[in-house]
Amino acid sequence: MTETPKKTADGVRVRFAPSPTGYLHLGGARTALFNWLFAQRQHGTMILRIEDTDAERNKPELVQGIIDALTWLGIDWDEGPFYQSQRTELYRAAAMKCLANGGAFLCYCPAEKYAGGDYAEAAQDDEPKGGGPRRVTRCSCRDGKPSIPDTKPAIRFKVPVGGTTKFLDAVFGEREFSNHEIEDFVLLRSGRGEEEFGQSMYQLGVVVDDIDMRITHVIRGADHISNTPKQMLLYRALGAEPPVFAHVPLILGSDKKRLSKRHGATDVNMYRTEGFLPEAFRNFLALLGWSAGHDEQFLRTKELLEKFSLEGVSRTNGVFDRPKLEWFNTQYLQKLPIEELLPHVEGELKRSGLWKEEWATGAGREWFSKTVDLLRPRIRLLPDFSTWSKAFFSDDFTIDPAAKEKFWKDPKVPELLAKLADALAAIAEWNHDASDHALRALAETAGVKAGLLINATRVAIVGQAVAPPLFDTMVALGQARVVKRLRDASGTI
RNA sequence: GGCGCUAUGGUGCAACGGUUAGCACGCGGCCCUUUCAAGGCCGAAAUACGGGUUCGAUUCCCGUUAGCGCUACCA
């Protein structure tokens with residue numbers, strides 16, 4: 001048995017650092033999940049950091065949605081949320097340090113010069129190669145250029161001219177990049193108004209914060225692999241020890257393109273709304289890009305926690321497969337101990353206004369539990385409990401026209417249902433076998449197949465063509481309701 | 001265009017030099033059956049291509065191709 005180390009300041013520290021430019025999407029959720037699993041497994045600390053340094057794109061109101069989604073997934077954190085927009089001084093100080101030690105320089109180039117603009121002009125020092133547009137790697141301001149009046153400079157990192165920068169990735173292994181390929185990236189935006197400098201850029205913010213927050217493992221999307229050498233350079237310039245990097249592959253749409261709105265729901269909160277069980281969603285997400293190394297797939301959170309390791313993380317981008325997610329959901333709906341499922345159903349019925357307090361305790365609870373258990377093999381999403389199962393929780397349900405069409409075709413149906421109502425009303429002890437016998441006896445005397453009567457009855461008492469086995473359904477509904485519904489139905493046909 | 005990453009059925013993962021290439025989703029069929037699910041059984045379906053290395057490559061190396069990523073005063 002492994003002993004459980006106490007949570008200490010020098011233990012594992014990870015962070016999830018979303019940017020509030022959109023909702024929490026599947027990829028972000030999985031990154032958060034991996035960080036969380038890793039932290040839990042190592043008895044480490046998880047930090048939530050909001051990377052909102054781009055005032056233009058940032059939408060503060062989206063932060064709550066991200067937090068809601070994480071909470072729904074059961075992902076919690078020990079520190080934060082911290083907001084980068086409130087830590088500006090820290091980044092400026094770091095940029096100044098780089099400036100002072102010659103690791104950075106003031107750049108007076110107009111932003112447009114680089115942003116998809118005139119590469120040839122900006123890239124004076126860059127050797128042309130190939131036929132396409134050359135890329136700016138070395139800014140012409142890097143070795144000092146006279147300041148331009150009325151122009152506020154940005155601060156750029158002075159990337160070494162030669163050599164390589166390498167790092168060890170826990171997932172992708174040893175990586176080495178040529179410094180020649182790394183551009184003199186911006187650390188601090190130029191100032192506006194009174195301010196001499198603006199907000200931090202991504203590279204500076206992450207590194208400064210990861211140092212300040214003593215992050216030991218950076219687990220993030222593989223889209224950051226190319227950013228990592230820049231960050232390694234920054235760690236060195238700031239005199240800090242870099243953390244362990246672990247890049248996880250991206251999640252793609254069914255066409256293997258980057259996931260976007262047109263692939264359907266990518267917002268995690270939409271899955272909550274649709275009625276997926278968070279643990280099923282978590283199980284699905286964990287297995288997209290990670291494997292425990294064996295064939296078992298139904299891994300409850302407890303098992304995920306026991307088995308998660310960075311070694312099991314795949315290096316290939318994965319395609320989001322909604323049918324598989326739905327399969328996981330139905331598996332959880334069926335396999336979860338009933339007492340774990342009940343609260344979810346209770347929540348659903350409260351949302352739809354069908355909930356009755358009498359189901360909270362005692363005999364009511366027992367009935368509720370049995371009924372949910374009866375229903376669950378046929379449920380795909382939580383809202384199904386209040387839609388097609390409505391007749392189990394309310395007398396205010398409607399008869400599905402398609403079911404009527406299919407099972408009430410025979411002209412004898414109304415009369416049969418009326419007779420069945422009488423026969424069932426006469427039962428002294430209401431249970432599965434008694435109602436079964438009564439129905440079959442009637443079918444025999446009436447000269448019809450039991451199936452005809454069974455199908456017609458189902459539609460009459462639950463309004464649907466699909467329901468649990470009829471006599472179990474009858475027991476769940478109770479004698480009085482079954483008799484009444486049969487009489488009502490026979491009168492309306 | 002440059003640089004980087006990746007490559008097992010349609011999809012997600014196994015096989016980490018020697019297997020009839022395994023499991024799961026999805027798909028088709030059968031069984032069960034009062035409906036629909038669930039469940040059980042069976043089936044179709046893969047090592048991107050080309051070179052090496054090796055007695056032997058899904059596995060190691062190189063190239064090609066394809067997909068993705070980075071190449072912003074976005075993150």
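In this predicted model, His43 sits in the loop that runs between α1 (26-41) and β2 (45-50). Its backbone does something a bit unusual: phi of His43 is near 55°, a positive value in a residue other than glycine. Most residues other than glycine have a negative phi. As for its surroundings, His43 has 13 C-beta neighbours inside 10 Å, so it counts as partly exposed; to be exposed, a residue may have 12 or fewer.

Arg214 tells a similar story. This residue is not a glycine, yet its phi is positive, at about 55°. Arg214 also belongs to a loop, the one between α6 (202-212) and β10 (217-221). There are 14 other C-beta atoms within 10 Å of Arg214, which means that this residue is partly exposed.

Another backbone oddity turns up at Gly80 and Pro81, which are joined by a cis peptide bond with an omega of about 5°. Most peptide bonds are trans. Unlike the loop settings of His43 and Arg214, the setting of Pro81 is a strand, β3 (residues 79-83).

Next comes Thr316, in the loop between α10 (301-307) and β13 (318-319). Is Thr316 buried or exposed? With 9 other C-beta atoms within 10 Å, Thr316 is exposed, because the cut-off for that label is 12 or fewer. Thr316 also shows how the fold can bring together parts of the chain: Ile251 is 65 residues away from Thr316 in sequence, but their C-alpha atoms are 9.3 Å apart in space.

Moving on to helix packing, α18 (residues 450-462) and α20 (residues 479-492) have axes that come within 8 Å and cross at roughly 100°. The two helices are therefore roughly perpendicular to each other, since angles of 65 to 115 degrees get that description. On the α18 side, the contact is made by Thr457, Ala460 and Ile461, while α20 brings in Val482, Arg485, Leu486 and Ala489. Sorted by class, the contact between α18 and α20 has five nonpolar residues, one polar and one charged.

Zooming out, chain A has 20 helices and 13 strands. How do its 493 residues spread out in space? A compact globule of that many residues would have a radius of gyration near 23 Å, but chain A comes in at 32 Å. Along the principal axes, the C-alpha atoms of chain A fill a box of roughly 105 × 55 × 45 Å. Of the 493 residues, 36% count as buried. Contacts across the sequence are plentiful in the tally too: among contacts in chain A with a separation of 6 or more, 75% come from residues 24 or more positions apart.

Finally, there is the matter of how far to trust all this. The mean pLDDT of chain A is 91, and 93% of its residues reach 70 or more. Two stretches have a pLDDT below 50, namely residues 1-7 and residues 116-133. Beyond near neighbours in sequence, residues 1-7 have four contacts in the model, whereas residues 116-133 have 24. For the complex, the predictor gives an ipTM of 0.96 and a pTM of 0.93.

Technical notes:
Residues are numbered from 1 along each chain as its sequence is written. Chains are lettered from A and ligands numbered from 1 in the order in which they are written. This is a predicted model: local features need pLDDT of at least 70, side-chain atom pairs count only at pLDDT 80 or more; totals for chains, interfaces and linings use all residues. Axes are lines fitted to C-alpha atoms, for helices over the stretch in contact, and angles run from 0 to 180 degrees between N-to-C directions. Helices (H or I, at least four residues) and strands (E, at least two) are DSSP runs, numbered from the N terminus. Angles under 35 degrees count as roughly parallel, over 145 as roughly antiparallel, 65 to 115 as roughly perpendicular and the rest as oblique. Two residues are in contact if their C-beta atoms, placed from the backbone, lie within 7 Å. Ala, Val, Leu, Ile, Met, Phe, Trp, Tyr, Cys and Pro count as nonpolar, Asp, Glu, Lys and Arg as charged, and the others, Gly among them, as polar. pLDDT is the predictor's confidence in each residue, from 0 to 100. The radius of gyration is taken over C-alpha atoms; the globule rule is 2.2 Å times the number of residues to the power 0.38. A residue is buried if 20 or more other C-beta atoms lie within 10 Å of its own, exposed if 12 or fewer, and partly exposed in between; C-beta atoms are placed from the backbone.
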